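Here are some short exercises on reading a protein structure. Try each task yourself before you look at the solution.

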Amino acid sequence: MAEKYLPTEAEVEHFKMLNQLLESVYLEMKEFSKKKPDEPLNTFKVKNVNRLLIQIKEGLKNEPTIDFLDLLDEETLPTNSDAILIIGQFKASMDRFRRKYTNEYRRWTTKENPKGDKIYL
């Protein structure tokens, strides 16, 4: 029988950091999308956002949502509204990961703490 995957505590800490960065990017892009939804992103923004999305994809590589996570296209430069759609999919996948690996007390279940019963300060 295959052992159930659980993230390590180090992976959870990395996830938390990436999630905060993704939230920041999402809020910024949402504002751009409201003001000028059809304006294309510049190359710098696409590369910067993709740098974050690549790390998130690596952390979610064992999740079924990975098949739906695409990077921003550096060749065609997506519009603000296209970018917010893609970033939103990453946010949803991150939210799903958090719900999957936390218990009813919102404590992470990890390889080191499979029941999520230890409280870390």
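The exercises below work through a predicted model, and each task is followed by its solution.

**Exercise 1. The core**

Find out which residues of the largest nonpolar core touch the most other members, and which elements give two or more residues to this core.

*Solution.* Start with the general idea: in soluble globular proteins, nonpolar side chains tend to be buried together. Here, the largest nonpolar core has 25 residues, and those touching the most other members are Leu-22, Leu-53, Ile-56, Leu-72, Phe-90 and Met-94. Next, look at where the core residues come from: α1 (9-35), α2 (43-59) and α3 (80-100) each give two or more. The largest share, seven residues, belongs to α3. Finally, zoom in on one member. Beyond its neighbours within four places in sequence, Leu-53 is in contact with Leu-22, Asp-70, Leu-71, Leu-72, Ile-86 and Phe-90.

**Exercise 2. α2 against α3**

Decide whether α2 and α3 are roughly parallel or roughly antiparallel to each other.

*Solution.* Two packed helices are described by the angle between their axes and the distance between the axes. For α2 and α3, the axes come within 11 Å and cross at roughly 30°. Angles under 35 degrees count as roughly parallel, so α2 and α3 are roughly parallel to each other. The crossing of α2 past α3 is left-handed. Now list the residues that meet: α2 brings Val-49, Leu-53, Ile-56, Lys-57 and Gly-59, while α3 brings Ile-86, Ile-87, Phe-90, Met-94 and Phe-97. Sorted by class, this contact has eight nonpolar, one polar and one charged residues.

**Exercise 3. α1 against α3**

Use the angle between α1 and α3 to describe how these helices run relative to each other.

*Solution.* The angle is about 150°, and the axes of α1 and α3 are 9 Å apart. Angles over 145 degrees count as roughly antiparallel, which means that α1 is roughly antiparallel to α3. α1 also passes α3 in a left-handed crossing. Among the residues of α1 that meet α3 are Phe-15, Leu-22, Tyr-26 and Met-29, and the α3 residues in this contact include Ala-83, Ile-84, Phe-90 and Met-94. By class, the contact of α1 with α3 has 13 nonpolar, five polar and four charged residues.

**Exercise 4. Two residues, two places**

Work out whether Leu-6 and Ile-84 are buried or exposed, and what each one touches.

*Solution.* Begin with Leu-6, in the segment before α1. The cut-off for buried is under 20% relative accessible area; Leu-6 has 11%, so Leu-6 is buried. Leaving aside neighbours within four places in sequence, its contacts are Glu-11, Tyr-101, Thr-109, Thr-110, Lys-111 and Pro-114.

Then turn to Ile-84, in helix α3. With a relative accessibility of 15%, Ile-84 counts as buried too. Not counting residues up to four places away in sequence, Ile-84 touches Tyr-26, Met-29, Lys-30 and Ser-33.

**Exercise 5. Positive phi**

Describe phi, place and accessibility for Leu-77 and Arg-106.

*Solution.* Recall that most residues other than glycine have a negative phi. Leu-77 is not a glycine, yet has a positive phi of about 50°. Leu-77 sits in the loop between α2 and α3 and, at 24% relative accessibility, counts as partly exposed. Arg-106 has a positive phi as well, near 65°. Its place is in the segment after α3, and at 67% relative accessibility Arg-106 counts as exposed.

Note on methods. Residues numbered from 1 in each chain as written. Predicted model: local features only at pLDDT ≥ 70, side-chain atom pairs only at ≥ 80, totals over all residues. Heavy atoms only, no water. Core = buried A, V, L, I, M, F, W, Y, C linked by side-chain atoms within 4.5 Å. Buried < 20%, exposed > 50% of the residue type's maximum accessible area, 1.4 Å probe, protein only. Helix = DSSP H or I, 4+ residues; strand = E, 2+ residues; numbered from the N terminus. Contact = heavy atoms within 4.5 Å. Axes fitted to C-alpha atoms, helices over the stretch in contact; angles between N-to-C directions. Parallel < 35°, antiparallel > 145°, perpendicular 65-115°, else oblique. Left-handed = near helix turned anticlockwise from the far one by under 90°. Nonpolar A, V, L, I, M, F, W, Y, C, P; charged D, E, K, R; others polar.
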